[in-house]
Amino acid sequence: MLASIAILACAPLMLCVYGLIRSCGFSQPVFTQKRVGQNGKIFTIFKFRTLHDIPIQSQDFSAAHWSKSILSLLRCSGFDELPQLFNILRGDMSLVGPRPHTISDHILFASILPEYEDRLAAKPGLTGWAQIRGWRGPVTCQHHLAERVAHDLAYISKQTLFFDLAILVGTVLLPLTASTRRSGLLQTKDVS
């Protein structure tokens, strides 16, 4: 029910984001990817495409710069995650919970941190405690991974409706308050 309301409320925004991504040269603005969900269940996640597989080869520098700026803004605002409202509607995800990782990242992270798989006790979320505390985006080092997992496990242990609402408010405010706490040891691809 809440997911249906969120989809209706976000529909105009999703259409605008879809149009912006099309104007940046993507013929298919939405893509899918396999992720690991609750209890290790594999599901297909929906995302807006904001990364080019091949660098933009444009004669028009200002158009390429505009495109890169728009896509970067969509990523840092989290608007690229909006299609996951459909994952919530399908029951694969919830609004709040540990972010789901790709299968390859899941295997890697589980081999690094023994407690990593404990985060699968909860349904993955569109946003989470780790994300609003600064541990979002690609995992860049073992410390980043440990902090993200610690925040996910803390969320699971004290999950309440009030806590979920606080995380949702924090997510909306995130673009205004985001800070980076990363260093580069463990490089991975799309882990958000």
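1. Helix H6 covers residues 142-157 in this predicted model. The helix has 16 residues. From its first C-alpha to its last, H6 reaches 22 Å, close to the 22 Å expected at 1.5 Å a residue.

2. Which residues of H6 are buried? They are His144, Leu145, Arg148, Val149, His151, Asp152 and Tyr155. Seen down the axis of H6, these buried residues fall within an arc of 160°, so they line one face of the helix.

3. Val149 deserves its own point. This residue lies in H6. Its relative accessibility is 1%. Buried means under 20%, so Val149 counts as buried. The C-alpha atoms of Val149 and Phe109 are separated by 9.7 Å. Along the chain, these two residues are 40 residues apart.

4. Next, the sheet. Three strands form an open sheet in the order E2-E1-E4, and the pairing is antiparallel. Strand E2 (42-48) and strand E4 (101-102) are the edge strands. Each of them pairs on one side only. Strands of a sheet pair through backbone hydrogen bonds, either parallel or antiparallel.

5. How many bridges join E1 to E2? There are seven, and the two strands run antiparallel. One pairing sets Arg35 against Phe43, its bridge partner in E2. E1 and E2 form a hairpin, with five residues between them. Asn39 sits in the turn and has a positive phi of about 60°. I would look at Asn39 when viewing this hairpin.

6. On the E4 side, two bridges join E4 to strand E1 (residues 30-36). These strands also run antiparallel. Val36 stands opposite His101 in E4.

7. Is E2 mostly covered or mostly open? E2 is mostly covered, with five of its seven residues buried. E2 is also an edge strand, pairing on one side only. In a regular strand the side chains alternate between the two faces of the sheet.

8. Now the surface. Val169, Val172, Leu173 and Leu176 make a nonpolar surface patch. The patch is about 420 Å². Leu173, one of these residues, lies in helix H7 (residues 161-177).

9. Why does Leu173 count as partly exposed? Its relative accessible area is 41%. Partly exposed spans the range between buried, under 20%, and exposed, over 50%, so Leu173 falls in that class. Patch residues need over 30% relative accessible area, and Leu173 at 41% fits that cut-off.

Terms used: Residues are numbered from 1 along each chain as its sequence is written. This is a predicted model: local features need pLDDT of at least 70, side-chain atom pairs count only at pLDDT 80 or more; totals for chains, interfaces and linings use all residues. Side-chain values use heavy atoms; hydrogens and water are left out. Patches are made of residues with over 30% relative accessible area and no salt bridge: like charges are joined within 9 Å, nonpolar side chains (Val, Leu, Ile, Met, Phe, Trp, Tyr) within 5 Å. Accessible areas come from the Shrake-Rupley method with a 1.4 Å probe; for residues, only the protein chains shown count as cover. A salt bridge is a side-chain nitrogen of Lys or Arg within 4 Å of a carboxyl oxygen of Asp or Glu. Helices (H or I, at least four residues) and strands (E, at least two) are DSSP runs, numbered from the N terminus. Buried means under 20% relative accessible area, exposed over 50%, partly exposed in between (1.4 Å probe, protein chains only). Two strands pair if DSSP finds at least two bridges between them. The expected span of a helix is 1.5 Å times one less than its number of residues. The arc is that of the directions from the helix axis to the C-beta atoms.
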